[in-house]
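Biologist: I am a first-year student, and I would like a close look at the small enclosed space inside this protein and the parts around it. Could you walk me through that region in plain words, step by step?

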Amino acid sequence: MDTGNDSTPHKPAGMTKKSRLGFGITVAIVIVGALLIRGRQMMSQRNNIQTGVEEGTVKLSHQLDNTPKAEKLKLLLEAVNDPSPGIRFAAVDSLAEFKNTAVADVVENAFKDSASTVRTRAVETLFTIDPERGFRLCIAAMQDEDTWVRQAAVMQLIVYGRKHMTEAKRATFQLIALLDDPEPTLPSITAGFLHKLYDKPWVMRKGVGGEERKKVIQTWKEWWDKEKISFPVDALIASIRNINPTRTDPAPEYRLKDVDGNYISSGDQKGKLTFVNFWGTWCPPCQAEVPYLARIYLENRDKGFDMIGIALSEKNGPAGLKKWCLDHGMLYRQAEATDAVTDAFGHIDEVPVSLLIDGEGRIRRHWEGERDYETFHRAIAEVQKGN
């Protein structure tokens, strides 16, 4: 009879000493397994800080769908500071619906992001929130180190100029400067826009040679030399300068074996400015970057600078990758990508993607898509100067 005073621990009915031992082992395995899973989740949260634009857009869209309307702006303002550039991109894009000064401040500040995708979206979004502030940001962006940012600024200005031609003419001085841009398409686009603004016949028609292009540029410059004397000067607009990215994010940890069998790790890069390039020998835009990257490496390797190539989906293994790189003058270290590394840097499956990581392990620049020598050169020079 149970009196209620028995201090002896009760045993589960029918459980023998042997079964209790098995039960204990099972519980221990479950606990250890849970701890390991939690540990991997915490490591993933700590190291896998990057989310691609597509994934970030889907994730934020799902969050917005499940957020009351009154709370959506708060969610977006928080998301603009998310560790993931994919989430930040999606947040800046969605803020276009909210047209007030506070939101304009946030979007304009997003132009200081380290991720090129966020910066270009800030240029495009601010115009819809506050056209005048968007115009001023365009003037700064047209002087940017990043070719894609300059292109985004010109294209946004063209859209703006369709309805506001007089206001767009205030950017003429900067458009004239872009005629000398080292990126081949920008002078052509710019000359076409000037043609629309001023109804002049000087355009770079498709297929024209270098001499013809030079002639068009020279004609516009000579015209501007005469016109600018009587052109109304907006002191505020004329004083605008380029804006360097200032946001930093901690780079994920990584460890790879290079094509020579040596390990490359994030820990070994401390104290160095490191350029990480995700690419593939099979990828035409990546191949187009090769001469620029080879030159960048040779120019900076004795200045506390390092470069690491991480190749995706290589069919010929480390030996084939090594041979391809040697044949194309790529003297910096190369490794084949692993799922862990591509996931940590944002589930990278489209290349090229490049990052500039400073000696403290902070991401200072994050480019998605092909860039030119000048973009990389100007960015590295700014970071080396401490900017």
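Modeller: Happy to! A cavity is a set of points where a 1.4 Å probe fits but cannot get out, and its lining residues have an atom within 4 Å of a point. Please keep in mind that this is a predicted model.

Let's begin with the space itself. Searching the whole structure turns up one cavity of 30 Å³ or more, and the largest cavity has a volume of about 30 Å³. Its lining is made of Ser 114, Ser 116, Arg 119, Glu 145, Asp 146, Pro 245, Arg 365, His 366 and Trp 367. Sorted by class, these are two nonpolar, three polar and four charged residues. Helix α6 and strand β8 each give at least two residues to this lining, and β8 has the largest share, with three.

Now follow helix α6 away from the cavity. This helix covers residues 116–129, and its axis comes within 9 Å of the axis of helix α8, residues 147–163. The two axes cross at roughly 15°. Angles under 35 degrees count as roughly parallel, so α6 is roughly parallel to α8. The crossing of the two helices is right-handed.

Which residues make this contact? On the α6 side they are Arg 119, Thr 120, Val 123, Glu 124 and Phe 127, and on the α8 side Trp 148, Val 149, Ala 152, Ala 153, Gln 156 and Tyr 160. Seven of the residues in this contact are nonpolar, two are polar and two are charged. You may recognise a name here: Arg 119 belongs to the α6 side of the contact, and Arg 119 also lines the cavity.

Helix α6 has another neighbour, helix α4, which covers residues 85–94. The axes of α4 and α6 come within 9 Å and cross at roughly 5°, and therefore these two helices are also roughly parallel to each other. Here, Pro 85, Arg 88, Phe 89, Val 92 and Asp 93 of α4 meet Thr 117, Val 118, Arg 121, Ala 122 and Thr 125 of α6. This contact divides into five nonpolar, two polar and three charged residues.

Next, step across to α8 and its other partner, helix α7, residues 131–141. The axes of α7 and α8 come within 9 Å and cross at roughly 145°, and the crossing is left-handed. Pro 131, Phe 135, Cys 138 and Ala 141 in α7 meet Val 149, Arg 150, Ala 153, Gln 156, Leu 157 and Tyr 160 in α8. By class, there are eight nonpolar residues, one polar and one charged in this contact. Several residues of α8 do double duty: Val 149, Ala 153, Gln 156 and Tyr 160 take part in the contact with α6 and also meet α7.

Let's go back to the cavity and leave it by way of strand β8. This strand, residues 362–368, supplies at least two residues to the lining of the largest pocket, as does helix α2, residues 53–65. That pocket has a volume of about 400 Å³ and is lined by 19 residues, with Gly 52, Val 53, His 347, Asp 349 and Glu 368 closest to its centre. Seven of the lining residues are nonpolar, seven polar and five charged. Helix α2 gives the largest share, three residues. So that you can tie the two spaces together: β8 gives residues to the lining of the cavity and to that of the largest pocket.

While you are in this stretch of the chain, look at Pro 352, in the loop between α16 (339–344) and β7 (353–357). The peptide bond that joins Val 351 to Pro 352 is cis, with omega near 10°.

To retrace the route, start at the cavity, where α6 and β8 each supply lining residues. Along α6 you reach α8 and α4, while β8 takes you to the largest pocket. Enjoy the tour!

Terms used
Residues numbered from 1 in each chain as written. Predicted model: local features only at pLDDT ≥ 70, side-chain atom pairs only at ≥ 80, totals over all residues. Heavy atoms only, no water. Axes fitted to C-alpha atoms, helices over the stretch in contact; angles between N-to-C directions. Helix = DSSP H or I, 4+ residues; strand = E, 2+ residues; numbered from the N terminus. Parallel < 35°, antiparallel > 145°, perpendicular 65-115°, else oblique. Left-handed = near helix turned anticlockwise from the far one by under 90°. Contact = heavy atoms within 4.5 Å. Nonpolar A, V, L, I, M, F, W, Y, C, P; charged D, E, K, R; others polar. 1 Å grid on protein atoms, 1.4 Å probe; cavity = no way out; pocket = protein on both sides within 12 Å on 5 of 7 lines; lining within 4 Å. Points joined across faces, edges and corners; volume = space filled by probe spheres on them.
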